[in-house]
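Me: I am new to this structure and would like a close look at a single part of it, namely its salt bridges and the parts of the chain that they join. Please take me through them slowly, in one connected answer.

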Amino acid sequence: MSTEVTIHTDGACRGNPGPGGWGVVLDGAGRRRTLHGGEQHTTNNRMELMAAIRALEALKRSCEVTLYTDSRYVKDGINQWLPAWKRKGWKTAAGKPVKNADLWRRLDELAQQHRINWQWVRGHTGNAGNELADQLANRGIDEMGASQR
């Protein structure tokens, strides 16, 4: 029997591009773990992807995961667009290179190690897990900025 884990992820950016952060809330086996981090010059979409990547990297074994994201880019990308991108050699339907392909490849590799139910949740509407992930993403920006001073 595999471990069941609930994950909430969020990315934030001040300016797009600009300084960004990601936040993760992992709940499983009666415990909660939070993670956050940031980058100096990035985009909101990259931070949304990083949140999901960091969450899955934190899992030590194959798990049954319910992952909540307020990013349609992440949810639709992983569930709908990714198979076609891979078939087309990481090109979009228009034949252009997939943006953030480096992160999509990492996320795809990590996602294959688990059974994941990807769920979209509307951001900033009082969902406790999403609100905490958002606070952590903003903390990632704040702490990164403080370390640069």
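Reply: A good place to start is R14, which counts as partly exposed because its relative accessibility is 39%, a value that, like the others here, comes from a predicted model. R14 forms a salt bridge with D142, and the closest N and O atoms of the two are 2.8 Å apart. Since R14 lies in the loop between β1 (3–13) and β2 (18–28) while D142 belongs to helix α4 (residues 128–147), the pair ties together parts that are 128 residues apart in sequence. D142 is partly exposed as well, for its relative accessible area is 40%.

This pair belongs to a wider set, as the count of salt bridges comes to seven. Another of them is formed by the side chains of R32 and D27, with a distance of 2.8 Å from N to O, and here R32 counts as exposed, its relative accessibility being 54%.

A further salt bridge joins the side chains of K86 and D108, again described by an N to O distance of 2.8 Å. K86 lies in helix α2 and D108 in helix α3, so this pair ties together parts that are 22 residues apart in sequence. K86 is partly exposed, with a relative accessible area of 38%, whereas D108, at 11% relative accessibility, counts as buried, because the limit for that is under 20%. Salt bridges that share partners also join R54, E57 and R106 into one network.

The bridge between K86 and D108 leads on to the packing of the two helices that hold these residues. Helix α2 (residues 72–87) and helix α3 (residues 101–111) pack with their axes 11 Å apart and at an angle of about 95°, and the two are therefore roughly perpendicular to each other. On the α2 side the contact is made by Y73, V74, G77, I78, L82, W85 and K86, and on the α3 side by W104, L107, D108 and A111, so that both partners of the salt bridge K86 to D108 are found in this contact. Of the residues that make the contact of α2 with α3, eight are nonpolar, one is polar and two are charged.

Helix α1 (residues 44–57) completes the picture: at 1.5 Å a residue its 14 residues should span 20 Å, and this agrees with its end C-alpha atoms, which are 20 Å apart. Buried residues of α1 include M47, E48, L49 and M50, together with A51, A52, I53, A55 and L56.

Conventions
Residues are numbered from 1 along each chain as its sequence is written. This is a predicted model: local features need pLDDT of at least 70, side-chain atom pairs count only at pLDDT 80 or more; totals for chains, interfaces and linings use all residues. Side-chain values use heavy atoms; hydrogens and water are left out. Axes are lines fitted to C-alpha atoms, for helices over the stretch in contact, and angles run from 0 to 180 degrees between N-to-C directions. Helices (H or I, at least four residues) and strands (E, at least two) are DSSP runs, numbered from the N terminus. Angles under 35 degrees count as roughly parallel, over 145 as roughly antiparallel, 65 to 115 as roughly perpendicular and the rest as oblique. Contact means heavy atoms within 4.5 Å. Ala, Val, Leu, Ile, Met, Phe, Trp, Tyr, Cys and Pro count as nonpolar, Asp, Glu, Lys and Arg as charged, and the others, Gly among them, as polar. The expected span of a helix is 1.5 Å times one less than its number of residues. Buried means under 20% relative accessible area, exposed over 50%, partly exposed in between (1.4 Å probe, protein chains only). A salt bridge is a side-chain nitrogen of Lys or Arg within 4 Å of a carboxyl oxygen of Asp or Glu.
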